[in-house]
Amino acid sequence: MPEIVPSLLSSDFSRITDQIKAVERAGAARLHFDIMDGHFVPNITIGPFIVEAIRKVTSLHLESHLMIENPERYIKNFVDAGSDTVIVHVEASKELYADLKMIRKLGVKAGLVLNPPTPFENIEPYLQDIDHLLVMTVNPGFGGQKMIEEALEKVALAKPYQKKYKFPIEVDGGVNLNTIEKAVKVGADLLVAGEAVFGNNKPEESFIELSKRVNL
């Protein structure tokens, strides 16, 4: 059954514990961190210390999406902070095989992500070495963007590899009540939702409503 993954980038950080508990009550099993460095993407967000702080208030699966240059310098920091999955960009990693191997060696899940303009062929050689695939359906850097629906085609392209290598496929970008069924239809297992969960300040209700759409 597909799952909603709340993205904390859109949460109210002044009430972050309450908002995490709200999505926990609603049934969330995972939380998504958007880690941006102001170089690979034109925005700056959080570092390992925020992941570490949140690890103390929840037992949910924490996935850290590293939208940063030179991810190999920071992988261990995010693992030590409490990440259960660390996700790196094919566009940012200089030594992708080594980065994926490092993540797994540190004892957590190794994730790979590609942006909408990136051809699917660029990640094919690495799909046997991952535990998690993230397909971006917006260009990364800011929350609240409209979904680029053409990018969903990459989910369909990944399905044969998923069957062989047994990794979940996640979609991130523009997931809301109007688009979520399209992502589910092409085969997404995990659906990152930021504004659609936290935007109206009622995350528990929003999460439940999105989950109902997944189960239609």
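## A salt bridge at the surface

In this predicted model, D12 has a relative accessible area of 30% and is therefore classed as partly exposed, since that value falls between the 20% under which a residue is buried and the 50% over which it is exposed. The side chain of D12 meets that of R15 in a salt bridge, with a distance of 3.5 Å from N to O. R15 belongs to the partly exposed class as well, its relative accessible area being 32%.

What allows two such side chains to come together as a pair? Side chains of opposite charge can pair when their charged atoms come close. The structure holds nine salt bridges, and the one between R15 and D12 is among them.

## The chain as a whole

The secondary structure of the protein chain is made up of eight helices and eight strands. The radius of gyration of the chain is 16 Å, which is close to the 17 Å that the globule rule gives for 216 residues, so the chain is as compact as a globular protein of that length. Along its principal axes, the C-alpha trace spans about 40 × 35 × 30 Å.

How much of the chain is buried? Of its 216 residues, 52% count as buried. The chain exposes about 9900 Å², and carbon and sulfur atoms supply 50% of that area. If one considers the contacts with a separation of 6 or more, 64% of them are accounted for by residues that stand 24 or more positions apart.

The charges can be described in a similar way, for the chain carries 24 positive and 30 negative side chains. The centres of these two sets lie 4 Å apart.

## Two salt bridges across the sequence

R55 forms a salt bridge with D84, and the closest N and O atoms of the two are 3.0 Å apart. This pair links distant parts of the chain, because R55 is in helix 2 (residues 48-55), while D84 is in the loop between helix 3 (75-81) and strand 4 (85-89), 29 residues apart. R55 counts as partly exposed at 22% relative accessibility, and D84 counts as partly exposed at 26%.

Another salt bridge is found where the side chains of D131 and R104 meet, at 2.9 Å from N to O. D131 lies in the loop between strand 5 (109-114) and strand 6 (132-136), whereas R104 lies in helix 4 (residues 96-105), so the pair ties together parts that are 27 residues apart in sequence. With a relative accessibility of 22%, D131 counts as partly exposed, and R104, at 36%, counts as partly exposed too.

## Two buried residues

H132 is found in strand 6, and at 2% relative accessibility it counts as buried. Which residues does H132 touch, leaving aside its neighbours within four places in sequence? The contacts of H132 are with R30, E63, T85, I87, A110, G111, L112, F167, P168, E170 and L190.

V23 has its place in helix 1 (residues 16-26), and its relative accessibility of 0% means that it counts as buried. When residues up to four places away in sequence are not counted, V23 touches P6, A28, L31, V197, F198 and P203. V23 and E149 stand 126 residues apart along the chain, and their C-alpha atoms are separated by 26 Å.

## Two residues with positive phi

Most residues other than glycine have a negative phi, and most peptide bonds are trans. Against that background, N70 deserves a careful look, since its phi is near 50 degrees, a positive value in a residue other than glycine. N70 is found in the loop between strand 3 (61-67) and helix 3, and it counts as buried at 14% relative accessibility.

K166 can be described in the same terms, as its phi is near 65 degrees, which is again a positive value in a residue other than glycine. K166 is found in the loop between helix 5 (153-165) and strand 7 (169-172). Is K166 buried or exposed? At 65% relative accessibility, K166 counts as exposed, whereas N70, at 14%, counts as buried.

Terms used:
Residues are numbered from 1 along each chain as its sequence is written. This is a predicted model: local features need pLDDT of at least 70, side-chain atom pairs count only at pLDDT 80 or more; totals for chains, interfaces and linings use all residues. Side-chain values use heavy atoms; hydrogens and water are left out. Helices (H or I, at least four residues) and strands (E, at least two) are DSSP runs, numbered from the N terminus. The radius of gyration is taken over C-alpha atoms; the globule rule is 2.2 Å times the number of residues to the power 0.38. Buried means under 20% relative accessible area, exposed over 50%, partly exposed in between (1.4 Å probe, protein chains only). Contact means heavy atoms within 4.5 Å. Accessible areas come from the Shrake-Rupley method with a 1.4 Å probe; for residues, only the protein chains shown count as cover. Lys and Arg count as positive and Asp and Glu as negative; His and the chain ends are not counted. The place of a charge is taken as NZ of Lys, CZ of Arg, CG of Asp or CD of Glu. A salt bridge is a side-chain nitrogen of Lys or Arg within 4 Å of a carboxyl oxygen of Asp or Glu.
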